[in-house]
Amino acid sequence: MKTIALIGSPRKNGNCDILVNKVIEKIDGENEVFFLNELDLRYCDACQSCQKGDCVKDDDVRNIIAKIEDADLLIFSSPIYFGQMSAQAKTIIDRFYMISQNQERSLAGTKVIQVFTQANPSEAFDSYIKSMETMPFAFMGMEVIETISAKGAAGKGEGIEEALKKIEELEI
Ligand SMILES: Cc1cc2nc3c(=O)[nH]c(=O)nc-3n(C[C@H](O)[C@H](O)[C@H](O)COP(=O)(O)O)c2cc1C
């Protein structure tokens, strides 16, 4: 199984980092983990070049999206920032446009494990996280097979016990 993991938090050893690596430990096969914050990750310009062929951006995302196309599983993680995914995470999602607009390319069939972390202990963001299953993932033909959501996770390593337990029990 080929796995690509994207960490949408800028914090090394933070909650997304810890949880993603715990998921990775459960999976056999090749894996690559990327901190989005460390990449040359540029915004979609909406230039529509991808409709005629290829994305014109020559940044790291071009390679990462090609790796996701080739992978069996995407682990997509983000902290909740102001009720939504981080800007780093959203920027790469917008670049999925280069696939959705090109009939020769597809992410269909790729499984997804979502990992979200938030300081708020309530279920306030559950509907937002749930909506990710439809847009962007089902829209791209991808299937969310698990969602790990750590609530009350403020400081690094705080409040993630339940999420770690859920990962421990995952059968992938
Ligand atoms: C800019 C910013 C905005 C945040 N907004 C929220 C929020 O709206 N709701 C919430 O529960 N936590 C919020 N947080 C807290 C993070 O979601 C939380 O600490 C998360 O576990 C961090 O994950 P990390 O350790 O992987 O960076 C915010 C943190 C930052 C830095």
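This section reports confidence, pockets, cysteines and salt bridges in a predicted model.

Confidence was examined at the outset. The protein chain has an average pLDDT of 97. A score of at least 70 is reached by 100% of the residues. Confidence is lowest in helix α2, residues 49–52, where the mean is 94. Strand β3, residues 73–79, has the highest confidence, at 99.

Two pockets were then considered. The largest pocket holds about 190 Å³ of space. Its lining consists of P121, T147, I148, S149, A150, K151, G159, E162, A163 and K166. Two elements, β5 (143–150) and α8 (161–169), each supply at least two of these residues. Strand β5 gives the most, with four residues. By character, the lining divides into four nonpolar, three polar and three charged residues.

The second largest pocket holds about 160 Å³ of space. It is lined by 13 residues. Closest to the centre of this pocket are I93, D94, M135, P136 and F139. Three helices, α4 (87–95), α5 (97–100) and α7 (133–137), each supply at least two residues of the lining. Helix α4 gives the most, with three residues. Nine residues of this lining are nonpolar, two are polar and two are charged.

Cysteines were examined next. A search of the whole structure finds zero disulfides. For C44, the closest cysteine sulfur is that of C50. The two sulfurs lie 6.5 Å apart, too far for a bond. A disulfide requires the sulfur atoms to be within 2.5 Å, so the C44 and C50 sulfurs, at 6.5 Å, do not form one. The surroundings of C44 and C16 were also assessed. C44 is partly exposed, with a relative accessible area of 32%. C16, by contrast, is buried, with a relative accessible area of 2%. C16 is counted as buried because its 2% falls under the 20% limit.

Charged pairs complete the description. Side chains of opposite charge can pair when their charged atoms come close. The structure holds 18 salt bridges. One of them joins K2 and D70, with the closest N and O atoms 2.7 Å apart. This pair links distant parts of the chain, 68 residues apart. K2 lies in strand β1, residues 2–7, and D70 lies in helix α3, residues 60–70. Both partners are partly exposed: K2 has a relative accessible area of 29%, and D70 has a relative accessibility of 48%. D70 is not classed as exposed, because its 48% does not pass the 50% limit.

A further salt bridge is formed by the side chains of D40 and R42, at 2.8 Å from N to O. D40 is partly exposed, at 31% relative accessibility. R42 is also partly exposed, at 35%. E133 and K130 meet in another salt bridge, with an N to O distance of 3.2 Å. E133 counts as partly exposed, at 27% relative accessibility.

Salt bridges also occur in a network. The linked residues are D54, D58, R62, E69 and R105.

How values were computed. Residues numbered from 1 in each chain as written. Predicted model: local features only at pLDDT ≥ 70, side-chain atom pairs only at ≥ 80, totals over all residues. Heavy atoms only, no water. 1 Å grid on protein atoms, 1.4 Å probe; cavity = no way out; pocket = protein on both sides within 12 Å on 5 of 7 lines; lining within 4 Å. Points joined across faces, edges and corners; volume = space filled by probe spheres on them. Nonpolar A, V, L, I, M, F, W, Y, C, P; charged D, E, K, R; others polar. pLDDT = per-residue confidence, 0-100. Buried < 20%, exposed > 50% of the residue type's maximum accessible area, 1.4 Å probe, protein only. Salt bridge = Lys/Arg side-chain N within 4 Å of Asp/Glu carboxyl O.
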